[in-house]
Amino acid sequence: MTARERAGAQASARAVTRTLTTDPLGGTIRRTVLPSGLRILTEAVPAMRSVSFGVWVSIGSRDETPAQSGGSHFLEHLLFKGTEKRSALDISAQIEAVGGETNAFTTKEYTCYYARVLDADLPLAIDVMCDAIANSVLDPADVETERGVILEEIAMHEDEPGDEVHDIFAAAVYGKHPLGRLISGTEETISPMTRRQIESFYRRNYVAPSIVIAAAGNLDHNTVVRKVRAALAGTPLDTPAAAPRGRRPATPAVRLRSGQVRVSNKDSEQAHVVLGGAGIARLDQRRFALSVLNNVLGGGMSSRLFQEIREQRGLAYSVYSYASQFADSGLFAVYAGCAPGKVEEVLDLTRRSLAAVARDGVTAAEIARGKGMAKGSYVLGLEDTGSRMSRLAKGEFLYDDPLTVDELLAKVDAVTIDEVNALAAELCGQEMSLAVIGPFEDGDVRFS
């Protein structure tokens, strides 16, 4: 197809727009699919004077080959380093000059670049962010600079055992599966990574059907669509007609390894422990029951684990349970940070608490409290434009259909004690794996 034919095809293709919902706690949510397959979602909240604007790409660390490990995160660093129109200083200075802020983050399944500005400055944010995502030059000097930054970031992460222990746990249960790798990559993968490899990853994966643009705040949907189309015109994201990329497949399910024990000997003042196993996948309808169970077990100061281990016995400063959910897998685990000499007692109490929940279930009062915590978390999490913007993108990427606040609350209210107890028996009664960081030599502590 010639350039003229391509331009004619694009001109004849039409964007498709529909209203998804009008939320009484927010504003109207609208969705436009451009001919290229790029999707734009907005939530108009007229009472706010700010707008959060995000570009989300359905590519994360799990999409990398072993040799590419850390490539998504490396690219995230580089896309703010300059385009043909703007230097790195221009990108940051233009947003900061109007009191705005920009940032980005990489996860195992997607990457997000976002800006938050006053409503009047949204056109500037759209132009700057779209330019950065579509037109990065990946200057060789910037590649080397950011390589050093990332290697320092990896080293710094290793100095934070409270964070590192979760990565050790994931590596233990996922083994060689990409979900077990570090998002940042390692020194062994980042050091030899070339600009050509990064650019190839960029152009192969940052394509219009894989991108969702989301914005929330005091905005007009049609204006956002018009500004985005203008900002992307003539860029590598201004491509022929294509269908949006579908949701990441949930099959085949990833199988986790049970009964793993990983102990990292580190001269630290505190020991860090993660005990857990398989959870549920993201679209599992039991996810609302899991939210309630997590709150009951270790989701707050009134939870069983917090009361038993910290409040009553003073054995740990921090103790909580958590769930991680992916398209085809999930984790459910308990974390505790305690003095090295108290690890055995903390582990014993944690195991006994999990066994009791698996065997006897939870009470009606605990269910009521867990539901209240879940509903409050959902609603209070929508108090700023950034949270609303994230909800739009995640709803599109991860669930295909974002639920309204009322629908979410109804899902939580519908959870029964039998559903929670059945899930507790499955998750808390399984064979667990363990990750520990602390000043331990072989044989010092009984971990099994």
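**Why is it called that? Burial, salt bridges and cavities**

Colleague: Why does E109 count as buried?
Modeller: E109 counts as buried because its relative accessibility is 5%, and buried means under 20% relative accessible area, exposed over 50% and partly exposed in between (1.4 Å probe, protein chains only). This is a predicted model, where local features need pLDDT of at least 70 and side-chain atom pairs count only at pLDDT 80 or more, while totals for chains, interfaces and linings use all residues. Residues are numbered from 1 along each chain as its sequence is written, and side-chain values use heavy atoms, with hydrogens and water left out.

Colleague: What makes R282 and E109 a salt bridge?
Modeller: The closest N and O atoms of R282 and E109 are 2.2 Å apart. A salt bridge needs a side-chain nitrogen of Lys or Arg within 4 Å of a carboxyl oxygen of Asp or Glu, so this pair passes. The two residues come from distant parts of the chain, 173 residues apart: R282 is in the loop between β9 (271–278) and α10 (287–298), and E109 is in the loop between β5 and β6 (111–118). Those labels are DSSP runs numbered from the N terminus (helices H or I, at least four residues; strands E, at least two). R282 is buried too, at 6% relative accessible area.

Colleague: Which residues share a network with E109 and R282?
Modeller: R62, D63, R248 and D328 are linked with E109 and R282 in a network of salt bridges. The structure holds 25 salt bridges.

Colleague: How do you know that K266 and E164 tie together separate parts of the chain?
Modeller: Their side chains meet in a salt bridge at 2.7 Å, N to O. K266 lies in the loop between β8 (261–265) and β9, and E164 in helix α6 (residues 161–174), so the pair joins parts 102 residues apart in sequence. Their burial classes come from the area values: K266 has 23% and is partly exposed, whereas E164 has 14% and is buried.

Colleague: What separates D348 and R352 along their helix?
Modeller: About one helical turn, because D348 and R352 are four residues apart in helix α12 (residues 343–360). Their salt bridge has an N to O distance of 3.2 Å. D348, at 35% relative accessible area, is partly exposed.

Colleague: What makes an empty space a cavity instead of a pocket?
Modeller: On a 1 Å grid over the protein atoms alone, a cavity is a set of points where a 1.4 Å probe fits but cannot get out; a pocket is an open set with protein on both sides within 12 Å along at least five of seven lines. Lining residues have an atom within 4 Å of a point. There are three cavities of 30 Å³ or more. The largest has a volume of about 160 Å³, and S58, G246, R247, R248 and F397 are the closest to its centre of the 14 lining residues. Its lining divides into four nonpolar, two polar and eight charged residues.

Colleague: Why does the lining of the second largest cavity have no charged residues?
Modeller: That cavity, about 40 Å³ in volume, is lined by A67, Q68, G71, M193, Q197, I198 and F201. Charged means Asp, Glu, Lys and Arg; Ala, Val, Leu, Ile, Met, Phe, Trp, Tyr, Cys and Pro are nonpolar, and the others, Gly among them, polar. The lining therefore has four nonpolar, three polar and no charged residues. Helix α8 (residues 195–205) gives the most to this lining, with three residues.

Note on methods. Points joined across faces, edges and corners; volume = space filled by probe spheres on them.
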